[in-house]
Amino acid sequence: MQPSPAHHDERLTAPRSWWVIAVLIGLACALMLLPLGSLALLAGLVGGTALAGLAVSSYGSARVRVVNGSLAAGDARIPVAALGEPEILDAEESAAWRTHKADTRAFMFMRSYVPTAVRVEVTDPADPTPYVYVSTREPQALASAIRAAKG
């Protein structure tokens, strides 16, 4: 099956430094269990690293996709017919829309480690959500895919 020209698929993986922190958490768990013996130390190292790695992997497996006429951000699915013109946000503008310009009614799919984003007005009058904010490393490609999916 060929993807449509409006296809966009991006995984917002966690940065490498988060994986280093996961290993450090495992080391900390091992050191806490050091007084209980070497087997407990090993269990703390493996268990702590595995749990921290699982958390990093889970948070870093978020996907942003435009497929079949919908914008999929995480678990949310938004039909592009209900969206207006996408606005590409650079790092500075993204930070502003995440903080002082943000509307509490907006749908925000953000990852702090991704500096750029796309903001799209919701044009559906029945939807109280004013806009959708989506973190993306490829804002031009995402905006183009939303435009192409709208037809």
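**View 1. The open sheet of this predicted model is built from four strands in the order β5-β7-β8-β6, with mixed pairing.** At its edges lie β5 (83-89) and β6 (107-109), each of which pairs on one side only. From one strand to the next, the twist averages 15°.

**View 2. Strands β5 and β7 run antiparallel and are joined by five bridges.** Strand β7 comprises residues 117-122, and within this strand Val122 is the bridge partner of Leu83.

**View 3. Two helices, α3 and α4, contact the sheet.** Helix α3 (residues 91-98) lies across β5, β6, β7 and β8 (131-135), and runs at about 120° to β5. Helix α4 (residues 139-150) packs on the sheet as well, where it touches β5, β7 and β8, and its direction makes about 165° with that of β5.

**View 4. The buried residues of helix α4 are Pro139, Leu142, Ala143, Ala145 and Ile146.** Seen down the axis of α4, these buried residues fall within an arc of 160°, so they line one face of the helix. An α-helix has 3.6 residues a turn, so residues three or four places apart point the same way. The buried residues of α4 pack against β5, β7 and β8, and also against β1 (8-11), β2 (63-67) and β3 (70-73).

**View 5. Helix α4 has twelve residues and is followed by Gly151.** From its first C-alpha to its last, α4 reaches 17 Å, which is close to the 16 Å expected at 1.5 Å a residue. Gly151, the residue that follows α4, has a positive phi near 90°.

Methods. Residues are numbered from 1 along each chain as its sequence is written. This is a predicted model: local features need pLDDT of at least 70, side-chain atom pairs count only at pLDDT 80 or more; totals for chains, interfaces and linings use all residues. Side-chain values use heavy atoms; hydrogens and water are left out. Two strands pair if DSSP finds at least two bridges between them. Axes are lines fitted to C-alpha atoms, for helices over the stretch in contact, and angles run from 0 to 180 degrees between N-to-C directions. Contact means heavy atoms within 4.5 Å. The expected span of a helix is 1.5 Å times one less than its number of residues. Buried means under 20% relative accessible area, exposed over 50%, partly exposed in between (1.4 Å probe, protein chains only). The arc is that of the directions from the helix axis to the C-beta atoms.
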